[in-house]
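Open the model in your viewer and keep the sequence panel at hand. Each stop below gives a selection and then what to look for.

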Amino acid sequence: MDQYVIKPWDNPEATGNKPVNWDLQVPPEIDALAEQVMTHYDMSVSERTLITSKPDKGGAIWRIQTNKGPRSLKLLHRAPARSLFSVGAQAYIRQQGGRVPELIPAKDGKLFVESGGKLWIVTEWVEPLTPATKIDLAGAQQLCYGLGEFHRYSKGYVPPQGAKNASRLHKWPNYYRKVAKKIGWLREVAKVYNDIPASQAILSVVDEFERQAWDALQKLNESPYRHMVAMGEPYWGLVHQDYGWSNGQMGPGGLWVIDLDGVAYDLPFRDLRKLITSTMDDMGVWDITWMRGMIEAYHEANPLSAESFDVLLIDMALPNEFYKHLKEIFYDPVTFLSTGGVEAIQQRIVAADQSKWQALAELAKDRAKYKAENYEQLAALRQPSRPARESVPDADKWVLQQPAQAEMQPESAMEGKRDMAAVPEPLAQGKQRAAEEPAVATKQGKQRAAEEPAVAMKQGKRRAAEEPAVATKVKEPVGAAPSEAEAKEPAVSLVPVVRDKVRIKLKAADAKRVYRKRVRVVKRDESRPQKKRKPVKTVRSVSRRKPEKARTTKRKSVQTPRTTITRKLTQSASQAAKRRAKQKSKTGVVKLKKLARRAASTVKVKRKQQKSSASAKRTVKVKKKAVKN
């Protein structure tokens, strides 16, 4: 069992042919490890109940009944070094007086047990815990006040030796830039799948939200953000990253914060922004009364500066909800656009966005309530000394095991799976990568053309010969009524049409790249001086010299040395070779030009067909409206 390495178990290999609901159980190997882990603690367990499981990540939580009261056993799904960061943070916040579950030390004094390549922790079971009410502002204010306390108690935390430093403090500009770029990619995906009605709903609003994202990035760069982050990570403390109505609950003495395994360094009001924007999205309107009340409750527990208030407003101006709801399109565009609901999401976000800017403008008038800190001067005066690693008692004894090379595995593959800093590759055919990552696709195309020019020329020639046949196969207009078989599976019926359009565009672009590469090679060869080669004595060369010898014998008065004759023969041979190479290169260039023109004409034909079908659709709509009127 010591050799068993825990991995996500929500896969066909773990279930086999028998369907298993992994939300209600874990593999038997995990159960055996849990029993073994509990022996490392000074307690006797009489009952163990699975509360929740994370099969896609490899984590689980049990409620255990012991001789010392109810406790919680938790399997942390992240890599041990990353989990060590959160374990130290939970111990530090508890030490400072924060209401987080207390970690129970094992027999060796550590606050964790390492087994199966993961960290396990045992904490007190806090009860009773009840979620804050969502129906009125008072519940939201309780949630925000508890969040402010959590942030205040986390200031000054320094992770234990060997922990992986988790920080998002300096990543705001990159995140803003990623959101802006991916909203732009939404437009490209919608254009590729423009035959699906939901794409038109996205195309009608994507330009406005893309502009909002770039404007927010510009405002962030002009704000005091860079001076604020220069204060250092322990100065600002930790963010929960997944704080909400379920992870902040009312209990003994006030609001308790649970599930701290994802904490990281960041500007603390990022948690507050997520809570406000998600609440406004649920309400369907940006209510200035709720927003002001939530910020004031947080400010009472963890005072905001005027600069922090400015950056908070900028972060709310970013189109976070639009990006959050529509980024799923990158994983499976056809399914996402065809299953319905996209138009409803788009209409709800646009309706809420109309009240958003009025609420933000009204909220900006409250800036005078907050004290300015002038972080530029504070950062200049701040000493760059790092505090000692004594924020958690006995943390210097927390030494992680060194796994064997065969057991080493990367941090959970599902962590950050939906994050738009990672590059999604949902479609094996490369169809989505072309729509989602045009820059990467272009680089890969250039690299392929540079590495295998001859193969690319042959493939391009073959594709140009086959492309007209492929293009003529799809004669059915885009807006035509589907057959009975297609009506049962609309998502599948759209794939060949879309794949043909994407493939035609890629082939045209690939042919142009090969053509330009070949032209550069030809020009470089022509500009390079030809090296003179030494003559090789062969039967053919000897036969060529005989007439020259005959002429020299006739001209008895002229004594021509043998070296002169050899030089002339070499020059004539090199000139002939040069002429042959030039003719061959011109022939290749002409063929490539024909290939590029043929591919371009194919794309033009497809575009004309699409325009004609679109105009036909508009004509039908106009006629229907006229008939109705």
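The tour goes through two sheets, then the cores, then a few helices and single residues. Bear in mind throughout that this is a predicted model.

**Stop 1: the five-stranded sheet**

Select residues 45-54, which form strand E1, and 113-115, which form strand E4. Add E2 (59-66) and E3 (69-76), then E5 (residues 118-124). Together these five strands make an open, antiparallel sheet, and the order across it is E1-E2-E3-E5-E4. Which strands stand at the edges? They are E1 and E4; each has a single partner strand, so one side of each has no neighbour in the sheet. Ignoring direction, neighbouring strands are turned by 25° against each other on average.

Zoom in on E4 and E5. They run antiparallel and are joined by three bridges. Pick Val-113 and look across to E5: Trp-120 stands opposite.

Now show the helices on this sheet. Helix H2, residues 28-38, lies across E1, E2, E3, E4 and E5. Its direction is at about 130° to E1. Helix H3, residues 80-96, also packs on the sheet, where it touches E3, E4 and E5. H3 makes an angle of about 20° with E5.

**Stop 2: the three-stranded sheet**

Move to the open sheet with the order E6-E8-E9, again with antiparallel pairing. Its edge strands are E6 (130-131) and E9 (254-257), each pairing on one side only. Select E8, residues 248-251; two bridges link E8 to E6 in the antiparallel sense. Click Pro-131 and find its bridge partner in E8, Gln-249. Then add helix H4, residues 137-154, which packs on this sheet and touches E8 and E9. The directions of H4 and E9 differ by about 60°.

**Stop 3: the nonpolar cores**

Show side chains for Tyr-176, Phe-269, Leu-272, Met-291, Ile-295 and Met-316. Among the 104 residues of the largest nonpolar core, these touch the most other members. The helix that gives the most to this core is H5 (residues 172-192), with ten residues.

Centre on Met-316. What is it in contact with, leaving aside neighbours within four places in sequence? The list is Arg-273, Ile-276, Thr-277, Trp-286, Met-291, Lys-356, Leu-360 and Leu-363.

Next, select Ala-34, Tyr-41, Trp-62 and Ile-64. They belong to a second, separate core of 21 residues.

**Stop 4: helix H5**

Colour H5 by burial. The helix is mostly covered, with 15 of its 21 residues buried. From first C-alpha to last it reaches 30 Å, close to the 30 Å expected at 1.5 Å a residue.

Stay in H5 and pick Val-179. Is Val-179 buried or exposed? Its relative accessible area is 0%, so it counts as buried. Beyond residues up to four places away in sequence, Val-179 touches Leu-318 and Tyr-323. Draw a C-alpha distance from Val-179 to Leu-217: they are 9.7 Å apart in space and 38 residues apart in sequence.

**Stop 5: helix H11**

Select residues 288-301. This is H11, with 14 residues and a C-alpha reach of 20 Å, close to the 20 Å expected. Its buried residues are Trp-290, Met-291, Gly-293, Met-294, Ile-295, Ala-297, Tyr-298 and Ala-301. To see what covers them, show H4, H10 (269-283), H12 (306-317) and H15 (342-363), which are included in the cover.

Now go to the N-terminal end of H11. Asp-287 caps it, with a side-chain oxygen 2.9 Å from the backbone nitrogen of Thr-289.

**Stop 6: two buried polar residues**

Pick Ser-199 in helix H6 (residues 197-203). Ser-199 is at 0% relative accessibility and so counts as buried. Its side chain reaches the backbone oxygen of Tyr-193 at 2.6 Å. Contacts of Ser-199 outside four places in sequence are Ala-190, Tyr-193, Asn-194 and Leu-337.

Finish on Glu-321 in helix H13 (residues 320-326). Why does Glu-321 count as buried? Because its relative accessibility is 10%, and the cut-off for buried is under 20%. The Glu-321 side chain makes a polar contact with that of Lys-324, at 3.0 Å. Leaving aside neighbours within four places in sequence, Glu-321 is in contact with Thr-277, Ser-278, Asp-281 and Ile-349.

Terms used
Residues numbered from 1 in each chain as written. Predicted model: local features only at pLDDT ≥ 70, side-chain atom pairs only at ≥ 80, totals over all residues. Heavy atoms only, no water. Pairing = 2+ DSSP bridges. Helix = DSSP H or I, 4+ residues; strand = E, 2+ residues; numbered from the N terminus. Contact = heavy atoms within 4.5 Å. Axes fitted to C-alpha atoms, helices over the stretch in contact; angles between N-to-C directions. Core = buried A, V, L, I, M, F, W, Y, C linked by side-chain atoms within 4.5 Å. Buried < 20%, exposed > 50% of the residue type's maximum accessible area, 1.4 Å probe, protein only. Polar contact = N/O pair within 3.5 Å; in protein donor to acceptor, adjacent residues only side chain to side chain. Expected span 1.5 Å × (residues − 1).
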